[in-house]
Amino acid sequence: DKLLELEDFTEVHLLDALRRRHEDGSIYTWVGSVLVSVNPYRDIGAFGGEVAARCASDPRAREPHLYSTVLQALAETGDKHAILITGESGAGKTEATRAILQFLATTRRGGAAAAAASCGP
């Protein structure tokens, strides 16, 4: 799940690894502390209640997922937090933002149980 662990970290190998992950439906991976996401252009259940509950119940697991990024940001000290979502047109920025806001609203209200019940497409 970590692209930095590639044997040969070149652009060619990085893009090949992302392509293979995309074909497998594994759209998230870490590059250090940065989450890389590839738009699957189909619903793969990445934002369902089960995934939300799993991420919320064990934030230290650092599963490569948008929800883990939210929990990581909230674990930082201080009052203000930010998550930067970038990409080309059609990359899934709006969907990612919607999922993050829904996850944040439900987990802050009631933890993992609320996330499981409320998060989803």
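A residue here counts as buried under 20% relative accessible area, as exposed over 50%, and as partly exposed in between. Keep that scale at hand, because it is why Arg54, at 39% relative accessibility, counts as partly exposed. We'll come back to Arg54 once the overall layout is in place.

First, a word on what you're looking at. This is a predicted model, and the protein chain averages a pLDDT of 79, with 85% of the residues scoring at least 70. Confidence isn't spread evenly: strand S2 (residues 34-37) has the highest value, at 87, while H4 has the lowest, at a mean of 73. Where pLDDT is low, the predicted coordinates should not be read in detail.

Now for the layout. The protein chain has 4 helices and 2 strands, and if you walk along the sequence you meet them in the pattern α-β-β-α-α-α. Of the 121 residues, 32% are buried. The chain exposes about 7700 Å², and carbon and sulfur atoms supply 53% of that area. As for how the chain folds back on itself, take the contacts between residues at least 6 apart in sequence: 46% of them join residues at least 24 apart.

Start with the strands. S1 and S2 run antiparallel and are joined by 4 bridges. Together they form a hairpin with 2 residues between them. In the turn sits Gly32, with a positive phi of about 65 degrees. Right by the turn, Val31 stands opposite Val34 in S2.

From the hairpin, move on to the core. The largest nonpolar core holds 18 residues, and those touching the most other members are Tyr28, Phe47, Leu66, Tyr67 and Phe103. Strand S1 (28-31), helix H2 (49-57), helix H3 (66-75) and helix H4 (93-118) each give two or more residues to this core. Tyr28 is a good place to look around from. Leaving out residues up to four places away in sequence, Tyr28 touches Leu35, Val36 and Ser37, among others. The list of Tyr28 contacts also includes Arg21, Ala46 and Phe47, as well as Pro64, His65 and Leu66. Two of those neighbours, Phe47 and Leu66, are themselves among the residues that touch the most other core members.

Leu66 brings us to H3. How many residues of H3 are buried? The count is 7 of 10, which leaves this helix mostly covered. The buried set is Leu66, Tyr67, Ser68, Thr69, Val70, Leu71 and Ala73.

Past H3, look for Ile85 in the loop between H3 and H4. Ile85 is partly exposed, with a relative accessible area of 29%. Not counting residues up to four places away in sequence, Ile85 touches Lys93, Ala96, Thr97 and Ile100. In the other direction, the C-alpha atoms of Ile85 and Leu35 are separated by 9.8 Å, although the two residues are 50 apart along the chain.

That leaves the charged side chains. Side chains of opposite charge can pair when their charged atoms come close. How many salt bridges does a search of the whole structure find? It finds 5. One of them is where Arg54 comes back in: Arg54 pairs with Glu63, and the closest N and O atoms are 2.8 Å apart. Glu63, like its partner, is partly exposed, at 23% relative accessibility, against 39% for Arg54.

Elsewhere, salt bridges that share partners join Asp16, Arg19, Arg20 and Glu23 into one network. Asp16 has two arginine partners. With Arg19, the closest N and O atoms are 2.4 Å apart, and with Arg20 they are 3.0 Å apart. Why can Asp16 meet Arg19 within a single helix? The two are 3 residues apart in helix H1 (residues 11-24), so about one helical turn separates them. Arg20 sits 4 residues from Asp16 in H1, again about one turn of the helix. None of these three is buried, because each value falls in the partly exposed range: Asp16 is at 27% relative accessibility, Arg19 at 42% and Arg20 at 41%.

How values were computed:
Residues are numbered from 1 along each chain as its sequence is written. This is a predicted model: local features need pLDDT of at least 70, side-chain atom pairs count only at pLDDT 80 or more; totals for chains, interfaces and linings use all residues. Side-chain values use heavy atoms; hydrogens and water are left out. A nonpolar core is a set of buried Ala, Val, Leu, Ile, Met, Phe, Trp, Tyr and Cys residues joined through side-chain atoms within 4.5 Å. Buried means under 20% relative accessible area, exposed over 50%, partly exposed in between (1.4 Å probe, protein chains only). Contact means heavy atoms within 4.5 Å. A salt bridge is a side-chain nitrogen of Lys or Arg within 4 Å of a carboxyl oxygen of Asp or Glu. pLDDT is the predictor's confidence in each residue, from 0 to 100. Two strands pair if DSSP finds at least two bridges between them. Accessible areas come from the Shrake-Rupley method with a 1.4 Å probe; for residues, only the protein chains shown count as cover.
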